[in-house]
Amino acid sequence: MNAINQLIDLQDSEVHLPAWQTDLDESEVAVLDDFGFSMASTSSHNGKETGISLFPYNKQAITKLAQKHVFMGNSRTRFNPRVVIQEVLLSILRDHRERFVQNGYPSAWFEEQLSEFRNDQTALLIDRNTQDKEQARRLIGFMSLYSDAPTSEDCFKQVSKRQAEAFGLDTLLLPEEISIAATGQFLVKKVSDRTRGIIQEPKWGEVGGKSQPGNGPDVDPEPQRDEVVDLVNDWFSGSSILEQGPSNDLRRALFQMLEQQKGFSDYSLNTNIVWKGKSLLNAFFKKGSITLIRLPGSRTNNEQAEVNAFGDKELSDTFDSVPLKMQMIAVLRHFRMNAKDPKVGWSYEQGLEDYALYMQFAQKWVPVAMTRCVELAKQTAHTPISNHVALANSMGFDLSGIDKALNQLVKTSSQIKSELPPAINPQHKAVFDKWLVEWDELRTQWLNTMLIGTNNAVHPVTFANAFRNRDNVVRSASELNLVIREVKNTSASLIEYLEGAETKEQLRELLDQLDITYKNIPADMMSDYDVSLKTVRSRVKQLGEVVTSLTPKSVIALNLTQDYPVKLLNKINGVELDLWVKVLSDWKGISPKVDRNIREFNAKNGVNQIETYKKVINDRLLCVEESLQKLGAAHGS
């Protein structure tokens, strides 16, 4: 408008254009008065001179449409009449005429198209107080085009019920009369190239340094600009990226929001929960001094950011994003006010309104952020559960199914101790004791993660996911090397005496024969053996009661292969192996002695004498046989 005014001094021109309508009643004249008149005079039917009616525009509508389309956000400085006719006049008078006739102008389409002129507070107030959302969008578009005050209170004073009724709009929030003039000066937010380029913000109430007349009292000078408001408006409009300073301030503000929430009991956790020496929030949303919260449109987002402040699509200048934008203004302003003076709290000019917006965002975002925090905590179960499964495999437990794994891994070391095979030797027992301590440590680590955010119960689905995604950890057998070496040393006698005995029954039969052999050996033939025959037979009997095929087979296999030594070791019963070693040692010690004593007996008594005894016995048996035959024949006759 200022550019046009500079080209033509309309105040000194009398164009005497005919009025477009002369037969108007009083109410219609009042409507035209509210929309205003141009400074060019015209003649009416009664000879009275008046300006040209601006309806369906007003001064501010023309200014805004010219700014948006003719000067393209100040990027074009040359006035082009054709563009005025096409974009300012025909685009309204021709293209929206039918909608006006149907009582639908301005449509909801205007709200989005004129978003750079929108007063967000005015838009929110309309949206909250208008039940019909289509009507709300239309009214927001109307206010964006026809008012220009910096506050919502003054915006409503710049329009009247009569103007809204002329367009079929809701009039609940509007006054009967205009009390503050729409000045026709530029007051727009900077917008990105996608909405007609970058524009500069002139000072409130000035157009080229020349004050503009209005339809009523002048508006008050604009209050001091709020840096936070301008910064967030530019961020949401897409005209600028959120730089490092405000980005870090906003991240710290959001982190404080999480720390200060009193509703942590809803998540079964609080900031006193220690996680590797840190609070839970510090463990997952902090990396040193860096806050791992992602802000859409920020220049300094960290690649390791674990939670979003909001979605990328929500960073927009559309009306749908206005509540979020107002909330971000409140969060950032509150943080900066208290960074200067921690005692301020909410007791600053916009504090009450900011508190309401702050809490609105917190109620929506905190549950999302804490759910993400819990999710990240649960993911850390991956490493301890992988190591726990590897330990359980080393101890010989069956984890072939998820149910079996869960039932086994939730047990404490005192519960599983009785399930372990007896230790083979003191070194083996020392390893078992070390493993039992490690068992409880690993169990505590993954249980702590899975129990976060629950009622002290591991959810089977959560466990199943962690179990399926575990790493295939293989533990080293080095800590069992001494045990394995000793077992291999004892395997020679088992190979010598037991190889070929495949089943438990065959081994028991072997032990029974050995016991019978010991039973038939005269005690005086074992006089020089260091263990009594009674003790030797007792050992055989004890071994018969606990004997299995697994122990001797595993001992023999351990000596013949290098594969899976820990798995073979877990099949060896220490008690049974100890008895096998003693029983076979007894036999190796006794059998040569008994054999030697028999040979000495034979030498002492002479082999010939023995043969004589055999001949006498055979002769007697023959006589008995002949007698029986004779008796049988006699009985037959």
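**Exercise 1. Determine which residues of α12 meet α15, and what angle the two helices make.**

Solution. Begin with the residues that touch: A253, L254, M257, L258 and Q260 in α12 meet Y358, F361, A362, W365, V366, A369 and M370 in α15. Sorted by class, this contact has 11 nonpolar residues and 1 polar residue, with no charged residues. The next step is the geometry of this predicted model, in which helix α12, spanning residues 244-260, packs against helix α15, spanning residues 351-379, at an angle of about 80°, while their axes are 10 Å apart. Angles of 65 to 115 degrees count as roughly perpendicular, and α12 and α15 are therefore roughly perpendicular to each other.

**Exercise 2. Describe how α11 and α14 pack, giving their angle and the distance between their axes.**

Solution. Helix α11 covers residues 227-237 and helix α14 covers residues 322-340; the two pack at an angle of about 140°, and their axes are 9 Å apart. That angle makes α11 oblique to α14, and the crossing of the two helices is right-handed. Turning to the residues involved, E227, V228, V229, L231, V232, N233, W235 and F236 in α11 meet L324, K325, M328, I329, L332, R333 and R336 in α14. The residues of this contact divide into 10 nonpolar, 1 polar and 4 charged.

**Exercise 3. Work out how many residues of α11 are buried, and name the helices that help to cover them.**

Solution. Counting along the helix, 8 of the 11 residues of α11 are buried, and the helix is mostly covered. The buried residues are V228, L231, V232, N233, D234, W235, F236 and S237. What covers them includes α7 (120-129), α12 and α14.

**Exercise 4. Compare the span of α14 with its expected value, and explain why α14 is described as largely enclosed.**

Solution. Take the span before the burial: α14 has 19 residues and reaches 27 Å from its first C-alpha to its last, which is close to the 27 Å expected at 1.5 Å a residue. As for burial, 15 of the 19 residues of α14 are buried, so this helix is largely enclosed by the rest of the structure.

**Exercise 5. Decide whether H428 is buried or exposed, and find which residues it contacts beyond its neighbours within four places in sequence.**

Solution. Locate the residue: H428 has its place in helix α19, which runs over residues 426-451. Its relative accessible area is 1%, and since buried means under 20%, H428 is buried. When its neighbours within four places in sequence are left aside, H428 is in contact with A423, L480, V483 and L569. A C-alpha to C-alpha distance of 9.2 Å separates H428 from I484, although the two are 56 residues apart in sequence.

**Exercise 6. Place V581 in its helix and classify its accessibility.**

Solution. V581 lies in helix α26, made of residues 574-605. Its relative accessibility is 32%, and V581 counts as partly exposed. V581 and S491 are 90 residues apart in sequence, yet 8.9 Å apart in space from C-alpha to C-alpha.

**Exercise 7. Summarise the chain as a whole: how many helices and strands are there, and what share of the residues is buried?**

Solution. The chain contains 27 helices and 9 strands. Of its 637 residues, 42% are buried. For the contacts, consider those between residues at least 6 apart in sequence: 68% of these join residues at least 24 apart.

Terms used
Residues are numbered from 1 along each chain as its sequence is written. This is a predicted model: local features need pLDDT of at least 70, side-chain atom pairs count only at pLDDT 80 or more; totals for chains, interfaces and linings use all residues. Side-chain values use heavy atoms; hydrogens and water are left out. Axes are lines fitted to C-alpha atoms, for helices over the stretch in contact, and angles run from 0 to 180 degrees between N-to-C directions. Helices (H or I, at least four residues) and strands (E, at least two) are DSSP runs, numbered from the N terminus. Angles under 35 degrees count as roughly parallel, over 145 as roughly antiparallel, 65 to 115 as roughly perpendicular and the rest as oblique. Contact means heavy atoms within 4.5 Å. Ala, Val, Leu, Ile, Met, Phe, Trp, Tyr, Cys and Pro count as nonpolar, Asp, Glu, Lys and Arg as charged, and the others, Gly among them, as polar. A crossing is left-handed if the near helix is turned anticlockwise from the far one by less than a right angle, and right-handed if clockwise. The expected span of a helix is 1.5 Å times one less than its number of residues. Buried means under 20% relative accessible area, exposed over 50%, partly exposed in between (1.4 Å probe, protein chains only).
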